[in-house]
Each structure stands twice: as C-alpha cells, then as structure tokens.
Amino acid sequence: MADTDPSSPTYATGPFGRIPRFLRTPLPVSDEQATNMGLALLAKSVGLTRTRQVECVPNPALEAGDRIDITVAGDLEHHIADSFTLPLGPASMSITTRSAKPDPGDT
C-alpha cells in the first residue's frame, strides 16, 4: 500500500519518499484481510493535518476513536478523539484530537 495522492504531504514519491511500516499479527489472515489491514494502517498514516487539545464539559460516554466536531473562529472542524482525561470531580475534561482532512483556512 502506498499514498498515491500527489497533493498529499506523505505522497510515496514526494520529499519523504517511501517509508515502510510493518505489522505482525499472530492471527491467520487471508489476502483480502491482509489488504484491508494494510489499507487501514495506511489511512492512519496519510494526510494528518492537525491535532488539537480541547477542554470541555466531562462526557463519560466518550470513547477513543469517536468523532468530535469543534468550532474554531466560526469554522467547523471534524476530529477524532485520540485520548482524553475524564476527571472525577467538577473539573473540565481534556481531549487530544486529530484531523485527517484540511480544515477551512488551512493553506
């Protein structure tokens, strides 16, 4: 699997070149499963454009991997929750997010 989008910062023949990633699994997999795992691994590596640290009201229903919509300066950004700290008291919740798509205003 390779990033074949010429506009991507991680383009396979771009300035970073090809960087192999290896995945070892103890599970027997078919060719189709191996391809799907490779595509999922590639999707996690391609096009990361932004990370954010946000503070909000505590939400115990949140799980890592959930989509979070963040409004910054009137623009809506779609992010994935990577990690968070859920306080036991009335303090605010801290969430670290990532976005794999350029947001409005990005150059």
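This report describes a predicted model, going from its overall composition to its salt bridges and a few individual residues.

## Model and confidence

The structure is a prediction, and its mean pLDDT is 80, with 87% of the residues scoring at least 70. Confidence varies by element: strand E4 has the highest mean pLDDT, 89, and helix H1 the lowest, 79. Where pLDDT is low, the predicted coordinates should not be read in detail.

## Overall composition

The protein contains 1 helix and 4 strands. Their order along the sequence is α-β-β-β-β. Helix H1 covers residues 31-45, strand E1 residues 50-56, strand E2 residues 67-72, strand E3 residues 75-85 and strand E4 residues 93-99.

Of the 107 residues, 17% count as buried. The accessible surface of the protein is about 8,000 Å², and carbon and sulfur atoms account for 58% of that area. Among contacts between residues at least 6 apart in sequence, 50% join residues at least 24 apart.

## Salt bridges

Side chains of opposite charge can pair when their charged atoms come close. The whole structure holds 3 salt bridges. One of them joins Arg 52 and Glu 77, with an N to O distance of 2.7 Å. This pair links distant parts of the chain, since Arg 52 belongs to strand E1 and Glu 77 to strand E3, 25 residues apart. The partners fall into separate accessibility classes: Glu 77 is buried because its relative accessible area is 3%, while Arg 52, at 25%, is partly exposed.

Another salt bridge is formed by Arg 67 and Asp 69, whose closest N and O atoms are 2.9 Å apart. Arg 67 has a relative accessible area of 54% and is therefore exposed. Asp 69 is at 44%, so it counts as partly exposed.

## Asp 82 and its partners

Asp 82 is placed in strand E3. Its side chain meets that of Arg 98 in a salt bridge, at 2.7 Å from N to O. Asp 82 lies in strand E3 and Arg 98 in strand E4, so the salt bridge ties together parts that are 16 residues apart in sequence. Asp 82 counts as partly exposed because its relative accessibility is 34%, and Arg 98, at 29%, is also classed as partly exposed. The 2.7 Å approach of the two side chains is a polar contact as well.

Beyond its neighbours within four places in sequence, Asp 82 is in contact with Ala 64, Thr 96, Thr 97 and Arg 98. For Ala 64, which is 18 residues away along the chain, the C-alpha separation from Asp 82 is 5.3 Å.

## Thr 97

Thr 97 is part of strand E4. With a relative accessible area of 0%, Thr 97 is buried; the cut-off for that class is under 20%. The side chain of Thr 97 makes a polar contact with the side chain of His 79 at 3.0 Å.

Leaving out residues up to four places away in sequence, Thr 97 touches Arg 50, Thr 51, Arg 52, Ile 68, Ile 70, His 79, Ile 80, Ala 81 and Asp 82. Two members of this list, Arg 52 and Asp 82, also take part in salt bridges, Arg 52 with Glu 77 and Asp 82 with Arg 98.

## Surface patch and a loop residue

Which residues form a nonpolar patch on the surface? The patch consists of Leu 23, Leu 27, Val 29 and Met 37, and together these have about 350 Å² of accessible area. Leu 23 sits in the segment before helix H1. Its relative accessible area is 51%, so Leu 23 is exposed; exposed means over 50%.

Ala 73 is found in the loop between strands E2 and E3. Although Ala 73 is not a glycine, its phi is positive, at about 50 degrees. Ala 73 counts as exposed because its relative accessibility is 80%.

Definitions and conventions
Residues are numbered from 1 along each chain as its sequence is written. Side-chain values use heavy atoms; hydrogens and water are left out. Helices (H or I, at least four residues) and strands (E, at least two) are DSSP runs, numbered from the N terminus. Contact means heavy atoms within 4.5 Å. A polar contact is a pair of N or O atoms within 3.5 Å; within protein, one must be able to donate a hydrogen and the other to accept it, and residues adjacent in sequence count only if both atoms are side-chain atoms. Buried means under 20% relative accessible area, exposed over 50%, partly exposed in between (1.4 Å probe, protein chains only). Patches are made of residues with over 30% relative accessible area and no salt bridge: like charges are joined within 9 Å, nonpolar side chains (Val, Leu, Ile, Met, Phe, Trp, Tyr) within 5 Å. Accessible areas come from the Shrake-Rupley method with a 1.4 Å probe; for residues, only the protein chains shown count as cover. A salt bridge is a side-chain nitrogen of Lys or Arg within 4 Å of a carboxyl oxygen of Asp or Glu. pLDDT is the predictor's confidence in each residue, from 0 to 100.
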